[in-house]
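Colleague: Before I use these labels, I would like to see the reasoning behind each of them. Can we go through them one at a time?

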Amino acid sequence: MSQEQLEKPIAYDIKEEEATKPPEATEDKEKGVVAEASVGQAEGEVNQKNPEGTITIGEALEAAVLTAGNKPVEWSDAAAIQAAEVRATGRTNIMPGGVAASAQSAATLNARANSEDDKTTLADVLTGASSKLPSDKPATRKDAEGVTGAEMRNDPHLATYPTGVAASVAAAARINQAK
């Protein structure tokens with residue numbers, strides 16, 4: 001089976017101003033400190049863009065494992081994961097071997113699987129998602145809208161899964177907005 005047969009295009013919308021690449025960041029979750037590769041900021045200095053207690057997009061993806069981990073990956077899930085990865089990293093293309101690429105591959109294989117037992121689940125794809133992203137950012141309302149739109153556009157019924165990827169990012173955005 002060729003690589004072209006395994007890939008199915010997934011459409012997503014990104015505004016140009018949201019497509020700028022943020023600096024790469026790593027977070028020490030115990031200390032709430034972000035070490036960021038940027039000029040003028042010392043390593044280990046607290047990053048004001050990600051205040052302590054906010055939920056990142058990567059963490060929201062991991063939360064989807066808790067709520068919908070046993071759900072087989074579908075095209076709508078792969079599209080939502082791709083939109084989330086793009087928004088978290090600021091890159092307009094998906095990374096080979098990243099979370100979105102894994103989700104696309106799983107959706108392709110699941111579409112061809114003969115039994116439910118052979119299907120790849122969201123837990124298989126999203127476990128450890130925040131560590132697989134080269135950079136991450138707190139979830140915002142615009143991120144939630146973009147992820148929800150991508151999931152809906154790629155669902156045959158134009159709906160989102162109630163406890164799926166879009167719901168997790170939306171919940172994270174609501175929590176962050178309340179802070």
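The exchange below sets values against cut-offs.

Modeller: Note that this is a predicted model. The protein chain has 8 helices and 2 strands, and 42% of its 179 residues count as buried.

Colleague: What makes Gln104 buried?

Modeller: Its relative accessible area is 15%. Buried means under 20%, so Gln104 is buried. Gln104 lies in helix H4, residues 99–112.

Colleague: Why is the pairing of Gln104 and Gln82 called a polar contact?

Modeller: The two side chains are joined at 3.0 Å. The limit for a pair of N or O atoms is 3.5 Å, so the Gln104 and Gln82 pair qualifies.

Colleague: Why is Arg87 with Asp143 called a salt bridge?

Modeller: The closest N and O atoms are 3.8 Å apart. The cut-off is within 4 Å, so the pair counts as a salt bridge. Arg87 sits in helix H3 and Asp143 in helix H7, 56 residues apart.

Colleague: Which other residue forms a salt bridge with Asp143?

Modeller: Lys137 does, with the closest N and O atoms 2.6 Å apart.

Colleague: How do you know whether Asp143 and Lys137 are buried or exposed?

Modeller: Asp143 has 3% relative accessibility. The buried class is under 20%, so Asp143 counts as buried. Lys137 has a relative accessible area of 24%. Partly exposed lies between 20% and 50%, so Lys137 is partly exposed.

Colleague: What separates Arg141 and Glu145 in helix H7?

Modeller: About one helical turn, because the two are 4 residues apart in that helix. Their side chains meet in a salt bridge of 3.2 Å, N to O.

Colleague: Why is Arg141 called exposed and Glu145 partly exposed?

Modeller: Arg141 has 56% relative accessibility. Exposed means over 50%, so Arg141 counts as exposed. Glu145, at 45%, counts as partly exposed.

Colleague: How do you know that H8 has a span close to the expected one?

Modeller: H8 has 14 residues and reaches 20 Å from its first C-alpha to its last. The expected span is 1.5 Å times one less than the number of residues, which means 20 Å for H8.

Colleague: Which residues of H8 are buried, and what covers them?

Modeller: Among them are Val165, Ala166 and Ser168. The cover includes H2, H3, H5 and H7.

Colleague: Which element gives the most to the largest nonpolar core?

Modeller: The core has 34 residues, and Val165 and Leu126 are among those that touch the most other members. H3 gives the most to this core, with 8 residues.

How values were computed: Residues are numbered from 1 along each chain as its sequence is written. This is a predicted model: local features need pLDDT of at least 70, side-chain atom pairs count only at pLDDT 80 or more; totals for chains, interfaces and linings use all residues. Side-chain values use heavy atoms; hydrogens and water are left out. Buried means under 20% relative accessible area, exposed over 50%, partly exposed in between (1.4 Å probe, protein chains only). A polar contact is a pair of N or O atoms within 3.5 Å; within protein, one must be able to donate a hydrogen and the other to accept it, and residues adjacent in sequence count only if both atoms are side-chain atoms. A nonpolar core is a set of buried Ala, Val, Leu, Ile, Met, Phe, Trp, Tyr and Cys residues joined through side-chain atoms within 4.5 Å. Contact means heavy atoms within 4.5 Å.
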